[in-house]
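New to this one? Here is an informal tour, with the structure shown first and the commentary after.

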Amino acid sequence: MYSRPVPRGPLRRVAVTGSTHGNEMSGVSLVQHWRRAPEELQRPSFSALPVLANPRAAAACRRYVDLDLNRAFISTFLTARPQPDDPYEVTRARELNQLLGPKASSQAFDFVLDLHNTTANMGACFICNNADNVFTMHLCRYLQLQNPETLSHVYLYQKPEEESYSVDSLGRNGMGLELGPQPQGVLRADLFTQMRTLVAQTLDFIELFNKGTTFPAFEMEAYRALDHVDFPRTEAGELAGAVHPRLQDRDFEALRPGEPIFQMFSGEDVLYRGPGTVYPVFINEAAYYEKGIAFISAEKLRFPVPALPAPAPAP
């Protein structure tokens, strides 16, 4: 399972990115704050660079200008010859690849933490492309142990043979931090504070690792994406129903065959007809209406994570 080697040496180049989606205000506001007060991100063994990933979208308080930046970090965009009519986010993805990458190279930043909000009832969610990175799995576990009173989950979005496409995939290690529910274009003080704390704890974990801490093996629980489920629609493609009240706000809870998932405008219920239990995530996410996604079905996994050894001393 673990195809990525653990870091051999201390992590020296760390980035914290916000505004990948310009209307997700916790990350936007925190990065703007850290650009004015970067000392908050500093640690004795490294410093972290705050990056406004999509400044045009942030200025307009929009998710994106031309296309979703968090889907733009694929080889098709990053390696193509630039054209005058390229979408803004494609051009910006190439700029970020030069700043934080190049992707999949030894010159890339050691760690990239990308900050997000969701309108779904996801709580604190640690988003990883897959489970093959021992370092990131230990980071997720550390954050869960540091916040026992807070319900948090690990979500694995990448499907087999699918290329990673998120901002944090530019780094040699990385993770997305998703907090919700929070409306688009709105800043909630409680989620702002929670995100600020989780970022600080992430940097503390990297500092502990750099200083020679060894982290023991453990068993991880995570949720891996399976399928996208669209809303019921008319022949013209218009909505014909909404997320059922019994499903709404139940992210990461079990959904069993025969339980309702949609309530049609005509009054009847649509039941889940899958072959077994799944765990919906991003339920009724506002940004996913344009993508034709009412929720994403996921499976629950449990798997062993080996110990994370201390890095070799820096020369």
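Two strands count as a pair if DSSP finds at least two bridges between them. Keep that in mind while looking at this predicted model: three bridges join β8 to strand β9 (residues 260-264), and the two run antiparallel. For a pair of residues to pick out, G241 sits opposite M264 in β9.

These strands belong to an open sheet of three, ordered β8-β9-β10, with antiparallel pairing. β8 (241-243) and β10 (269-271) are at the edges with a single partner strand each, so each has one side without a neighbour in the sheet. From one strand to the next, the twist averages 30°.

**The nine-stranded sheet**

Another open sheet has nine strands, and its pairing is mixed. If you want to trace it, follow the order β2-β1-β3-β6-β4-β5-β7-β12-β11. Here the edges are β2 (47-52) and β11 (279-281); each has a single partner strand, so one side of each is left with no neighbour in the sheet. Neighbouring strands of this sheet are turned by 30° against each other on average, ignoring direction.

Within the sheet, β3 (residues 111-117) and β6 (residues 174-180) run parallel and are joined by six bridges. One residue to look for is V112, whose bridge partner in β6 is G174. Helix α6 (residues 189-210) packs on this sheet, where it touches β1 (13-18), β2, β3, β4 (123-128) and β6. The direction of α6 makes about 165° with that of β3.

**More about α6**

How far does α6 reach from its first C-alpha to its last? The helix has 22 residues and reaches 32 Å, close to the 32 Å expected at 1.5 Å a residue. After α6 comes G212, with a positive phi near 105°.

Helix α1 (residues 25-36) meets α6 as well: their axes come within 10 Å and cross at roughly 60°. That angle makes α1 oblique to α6, and the crossing is right-handed. On the α1 side the contact involves S26, G27, S29, L30, H33 and W34, while α6 brings L191, F192, M195, R196 and V199.

**Backbone details in the loops**

Some spots in the backbone are worth finding too. The peptide bond joining G101 and P102 is cis, with omega about 0°, and P102 is in the loop between α4 (88-100) and β3. Another cis peptide bond runs from G180 to P181, with omega near 5°; look for P181 in the loop between β6 and α6. Then there is E161, which is not a glycine but has a positive phi of about 70°. E161 is in the loop between β5 (152-156) and β6.

**What UniProt lists**

An unreviewed UniProt entry gives the domain "Succinylglutamate desuccinylase/Aspartoacylase catalytic" at residues 11-206. For "AstE/AspA barrel-sandwich hybrid", also a domain in an unreviewed entry, UniProt lists residues 219-300. Here is how the spans look in the model:

| Span | Distance between end C-alpha atoms | Helix | Strand |
|---|---|---|---|
| Residues 11-206 | 7 Å | 34% helix | 19% strand |
| Residues 219-300 | 13 Å | 0% helix | 38% strand |

Conventions: Residues are numbered from 1 along each chain as its sequence is written. This is a predicted model: local features need pLDDT of at least 70, side-chain atom pairs count only at pLDDT 80 or more; totals for chains, interfaces and linings use all residues. Side-chain values use heavy atoms; hydrogens and water are left out. UniProt positions are given in the numbering used here, feature names are shortened, and annotations may be inferred rather than shown by experiment. Helices (H or I, at least four residues) and strands (E, at least two) are DSSP runs, numbered from the N terminus. Axes are lines fitted to C-alpha atoms, for helices over the stretch in contact, and angles run from 0 to 180 degrees between N-to-C directions. Contact means heavy atoms within 4.5 Å. The expected span of a helix is 1.5 Å times one less than its number of residues. Angles under 35 degrees count as roughly parallel, over 145 as roughly antiparallel, 65 to 115 as roughly perpendicular and the rest as oblique. A crossing is left-handed if the near helix is turned anticlockwise from the far one by less than a right angle, and right-handed if clockwise.
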